[in-house]
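Me: I am new to this structure and would like a close look at a single part of it, set within the whole chain. Please take me through it step by step.

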Amino acid sequence: RSKSQSGAAIHFYAHDMSAGTRDWIELEADLRNGLDEDRFEVHYQPQYELATGKLAAFEALLRFRRHDGLLLSPGDFIAVAEESGLIEAIGDWVLQEVTLQIADWSRQGLAPVPVAVNVSARQCLGRSLARRVEQALRQSHIAPSLLRLELTESTAMGDVDHVAALLADIRALGVHLSVDDFGTGYSSLSYLKRFPIDELKVDRSFVRDLVSDPDDAAIVRATVALAHGLGMRVVAEGVETVEQLNLLASQQCDLVQGYLFSKPLPAETVVAEGLLMPAEVPTRNLRLIRS
Ligand code: C2E
Ligand code: MG
Ligand code: MG
Ligand code: MG
């Protein structure tokens, strides 16, 4: 076989292609088809207010039903979605799905609870995110304060002026903003002054050994002090034990989220498990019972 024959050269290349590359290409095609075939799902993980124990919000976490039926978590597909640019269309789908779900819960007579949507750095490159958010709000007729966006520090590492303007536009719509995985990125803290941020989320890696590692405890304490000093709330993610919860309470952390309370749940399960309360609490009847 001569390499001067182009057919042979292509064959040579295809044969040499690593299994990883083939998987990547296959997954990209599957994600593309999955959008048309409605194979994405959003699961909802509750966040609770530490002081009262009340349900405060949900985080929307994306799942993908692969062609063979296996349910994938973002760790298995989000890098492919980002690299291929598909994250734009997928992110749009998530925004629509979540805002329509909030509207649907409200139609069912359930008291409104805000939902936070994760946004990749790539989705913040152009100016379109503010328009897409506005469109999702308009289409669902929900109160903008019921939608939150979670951004990571990597978003702040690009063009800071651009991101500041974009986030100001989104915040002006009434949508609240959180910094996810706080303390794990490489950005400077100065973006906290430039961006209209409402909330910091302490990364799971600092919560995990919080009880045994004084360094982690110091980082959490400092994050709470920083957030409160800047007028922001603090959420601890990945809370799995009562010991972690007690320590977070003693450090004045505002909200908690993790397997100790609940895994991320499909929307139907959120309702079936009774996590959402009726909008009209029958206080009159409660008073009658007491007297
Ligand atoms: P994240 O936003 O930091 O989400 C928290 C992750 O921790 C979720 O993983 C959640 O299921 C997991 N988790 C929550 N509580 C616990 C716990 O107590 N213990 C442990 N071990 N894990 C816990 P998940 O759902 O696999 O999502 C991974 C990441 O994928 C998210 O991290 C987020 O960065 C990204 N992601 C999720 N949904 C979307 C989306 O719609 N769009 C984009 N762009 N990214 C998303
Ligand atoms: Mg998040
Ligand atoms: Mg996080
Ligand atoms: Mg994370």
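To begin with the charges: how far apart are the mean positions of the positive and negative charges of the chain? After that, please look closely at the site of the magnesium ion (ligand 2).

Reply: This is a predicted model, and in it the mean position of the 28 positive charges of the chain and that of the 41 negative charges are 4 Å apart. As a setting for the closer look, the chain has 291 residues, of which 42% count as buried, and its secondary structure consists of 13 helices and 10 strands. Taken along the principal axes, the box filled by its C-alpha atoms is roughly 95 × 45 × 40 Å, while the accessible surface comes to about 15,500 Å², with 52% of that belonging to carbon and sulfur atoms. Among the contacts in the chain with a separation of 6 or more, 67% are accounted for by residues 24 or more positions apart.

Turning to the metal site, the magnesium ion (ligand 2) has as its protein donors E59 through OE, N118 through OD1, E150 through OE and D180 through OD, and these lie 2.0 to 2.2 Å from the ion. Along the chain, the donors follow the spacing E-x58-N-x31-E-x29-D. Two of them, E59 in strand β2 (residues 55–65) and N118 in strand β4 (residues 115–118), are 59 residues apart, and this pair links distant parts of the chain.

These two donors can also be set side by side by their accessibility: E59 counts as buried because its relative accessibility is 4%, under the 20% cut-off, whereas N118, at 29% relative accessibility, counts as partly exposed. D180, for its part, coordinates both the magnesium ion (ligand 2) and the magnesium ion (ligand 3), and the two ions are 4.1 Å apart.

From E59 one can follow a contact to H43, a residue of strand β1 (residues 40–49). Leaving aside its neighbours within four places in sequence, H43 is in contact with E59, A60, L61, R63 and L71, and also with P264, L265 and P266. H43 is itself buried, having a relative accessible area of 9%, and its side chain makes a polar contact of 3.0 Å with the side chain of E41. Taken together, the path runs from the magnesium ion (ligand 2) to its donor E59, and from E59 to H43, with which E59 is in contact.

Notes: Residues numbered from 1 in each chain as written. Chains lettered and ligands numbered in written order. Predicted model: local features only at pLDDT ≥ 70, side-chain atom pairs only at ≥ 80, totals over all residues. Heavy atoms only, no water. Donors = N, O, S within 2.8 Å, 3.2 Å for Na, K, Ca; no water. Helix = DSSP H or I, 4+ residues; strand = E, 2+ residues; numbered from the N terminus. Buried < 20%, exposed > 50% of the residue type's maximum accessible area, 1.4 Å probe, protein only. Contact = heavy atoms within 4.5 Å. Areas by Shrake-Rupley, 256 points an atom, 1.4 Å probe, with all protein chains shown as cover. Lys, Arg positive; Asp, Glu negative; His and termini not counted. Charge placed at Lys NZ, Arg CZ, Asp CG, Glu CD. Polar contact = N/O pair within 3.5 Å; in protein donor to acceptor, adjacent residues only side chain to side chain.
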